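Me: I would like to go through the reasoning behind a few labels attached to this model, one at a time.

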Amino acid sequence: MRIKKDLHFHTNMSDGSNSPYDMFMTYFKKNYNVLSVTDHGCIDAIPIMSQLCAQHNIKFINGIEISTDDYPNMHILGYSFDETSPALLDLIKTIKHNRRVFLKKAMKILSLHKIDAEHFWALEKDESIEFLYENNVPSDFLYNCEKPSAMQAIEVINESGGVAVLAHPSKLGFSIYTLRNILKKLKTYGLKGLECYHPSQQGKEDKYVRLSREFDLIVTGGSDSHSIDLHNYTEHYQIEIIF
Ligand SMILES: [Zn+2]
Ligand SMILES: [Zn+2]
């Protein structure tokens, strides 16, 4: 039997557009067998998703995606952790607090410059920076949301009994040489896996699988879907995920 898996998607509990229920139903109708919801800095979708998966005989793995301040786009995925771990709950609380502080500051700047906030937040990051630049508004504040370091994110995931995975390595924009050095460093912090299958890595998956073998890392993958219009990546790719 073909096992359909998606170990990376988001709901409206973070920056996704749809509820955990609607996301679940979409995967269920498409006959997925293994799911992991990985909202940004948030585990609020886990209880309902886990309950729905249990009711419909779908394997569920709990997950989270943590943005770190080491490099832009260095995101660490955590899987299969203890959801009651004080270290994890503390980190989530800090992430949420920092996000609130950032949004407050951002709203102030937008209103000061009479920028329509709804339009602004609908822009992609690159577009929003360009938009601010064109409107003579400094864009520095977009980078100023305090984030945990990759080391902290990995250590907390390990402390909570979970598996830490480097998300979408291609988005870091590094050469293999640099990426290898980064993986070496992240391994010393306790990194256990590499997201080899991701839409941004289409056609280059083998390269990342080879890297994960070299560093003895688990191979994971997912569509990074943010809405019920699932990214067709997982539909058309037989995603091999050793997990
Ligand atoms: Zn990400
Ligand atoms: Zn994601």
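Me: Before the labels themselves, what kind of model is this?

Reply: This is a predicted model, and the values discussed below are computed from it.

Me: Why is H113 called partly exposed?

Reply: H113 has 13 other C-beta atoms within 10 Å, and because a residue counts as exposed at 12 or fewer and as buried at 20 or more, the value for H113 falls in between and the label is partly exposed. H113 sits in the loop between α3 (86-112) and α4 (117-121), and, leaving aside residues up to four places away in sequence, H113 touches N135 and V137.

Me: What makes strand β5 (residues 75-79) largely enclosed by the rest of the structure?

Reply: Five of the five residues of β5 are buried, so the strand is largely enclosed by the rest of the structure. Both faces of β5 are covered, since H75, L77 and Y79 on one side are buried, as are I76 and G78 on the other.

Me: How do you know that β5 pairs with strand β4 (residues 63-67), and in which sense?

Reply: Five bridges join β4 and β5 in the antiparallel sense, and because at least two bridges are needed for two strands to pair, the pairing follows from that count. Within this pair, I66 stands opposite I76 in β5.

Me: What makes strand β6 (residues 163-166) a partner of β5?

Reply: β5 and β6 run antiparallel and are joined by four bridges, which satisfies the requirement of at least two; in β6, V163 is the bridge partner of Y79.

Key: Residues numbered from 1 in each chain as written. Chains lettered and ligands numbered in written order. Predicted model: local features only at pLDDT ≥ 70, side-chain atom pairs only at ≥ 80, totals over all residues. Helix = DSSP H or I, 4+ residues; strand = E, 2+ residues; numbered from the N terminus. Contact = placed C-beta atoms within 7 Å.
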